[in-house]
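Please open the model in your viewer and keep the selection tool at hand, since this tour moves from one selection to the next.

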Amino acid sequence: MRYRREFDIVECQEVYPPSEDTFLLLEALEVSSDEAVLEMGPGTGLITCHLAACAASVVAADINPKAVKCTDANLRRNRLPGEVRMSDLFQNVPERFDVIVFNPPYCPGTERDRLALSWAGGPKGVEVTARFLADAPEHLLPDGRIIILLSTEMEAQALEEALRPFRRTVLGRRRLFFEELWVEELRPLD
Ligand SMILES: C[S@@+](CC[C@H](N)C(=O)[O-])C[C@H]1O[C@@H](n2cnc3c(N)ncnc32)[C@H](O)[C@@H]1O
């Protein structure tokens, strides 16, 4: 999916702004026009806007109420369809999807203020991701897939454990000064 600069995106206070990881995930994403997509943790909503322009339908769910407002405002500003909900992972998301996209909080940390929710992934940086991966298969339609951003900031062994139930394909990779980011497509093994 190519970054479409014609989208009019406004950043919001206490909400994760589009960053290197956002752009890497965006580059690796491919969805088709008949697919139902969930973006978990949309932040400012740049990826949600791209998905809304390409997919059959998009739902976005974020634990930060300011991110929910920000994503909703950016969808409306660009006259794009889509539903944005406040939810701790799948708490308020009962449906199933063809594709679930997540750029999770992946740094070690347990802070809970609104902006910290965007980077603090738990003591090993993996806990939010592990919770997400444990529940996500129940929210996939047959032949559905997860597309997720991962980082060397996450504790490697805990991450491998969380990824064990999936068939994994690397879709993109970027080395930054202090970490490496990559994107994987995951399909449940069963
Ligand atoms: C790294 S930011 C990514 C934002 C955006 N998708 C992007 O790529 O720019 C992680 C996002 O996940 C949200 N988040 C963190 N924990 C969450 C949870 N338990 N349930 C839902 N969203 C969560 C944060 O509020 C934040 O918006």
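Which residue in E5 is the bridge partner of Val101? Select Val101 together with Ile147, for Ile147 is the partner that Val101 has in E5. Please keep in mind throughout that you are looking at a predicted model.

Now widen the selection to residues 140-151, which make up strand E5, and add strand E4; these two strands pair in the parallel sense, and 5 bridges join them. Next, show the whole sheet, which is open and consists of 7 strands, arranged in the order E3-E2-E1-E4-E5-E7-E6 with mixed pairing. At its edges you will find strand E3 (83-86) and strand E6 (166-175), each of which pairs on one side only. If direction is ignored, neighbouring strands of this sheet are turned against each other by 15° on average.

From the sheet, turn to helix H4 by selecting residues 127-135, where Glu127, Val128, Thr129, Phe132 and Leu133 are buried. To see what these buried residues pack against, add strand E1 (36-40), strand E4 (97-102) and helix H5 (156-163) to the view.

Finally, select the ligand and the 24 residues around it, of which Thr22, Gly41, Gly43, Asn64 and Asn103 come nearest. Two elements, helix H1 (20-28) and strand E2 (57-62), give two or more residues to this shell, and H1 gives the most, with 3 residues. Colouring the shell around the ligand by residue class will show 14 nonpolar, 7 polar and 3 charged residues.

Technical notes
Residues numbered from 1 in each chain as written. Predicted model: local features only at pLDDT ≥ 70, side-chain atom pairs only at ≥ 80, totals over all residues. Near = placed C-beta within 6 Å. Helix = DSSP H or I, 4+ residues; strand = E, 2+ residues; numbered from the N terminus. Nonpolar A, V, L, I, M, F, W, Y, C, P; charged D, E, K, R; others polar. Buried ≥ 20, exposed ≤ 12 C-beta atoms within 10 Å, placed from the backbone. Contact = placed C-beta atoms within 7 Å. Pairing = 2+ DSSP bridges. Axes fitted to C-alpha atoms, helices over the stretch in contact; angles between N-to-C directions.
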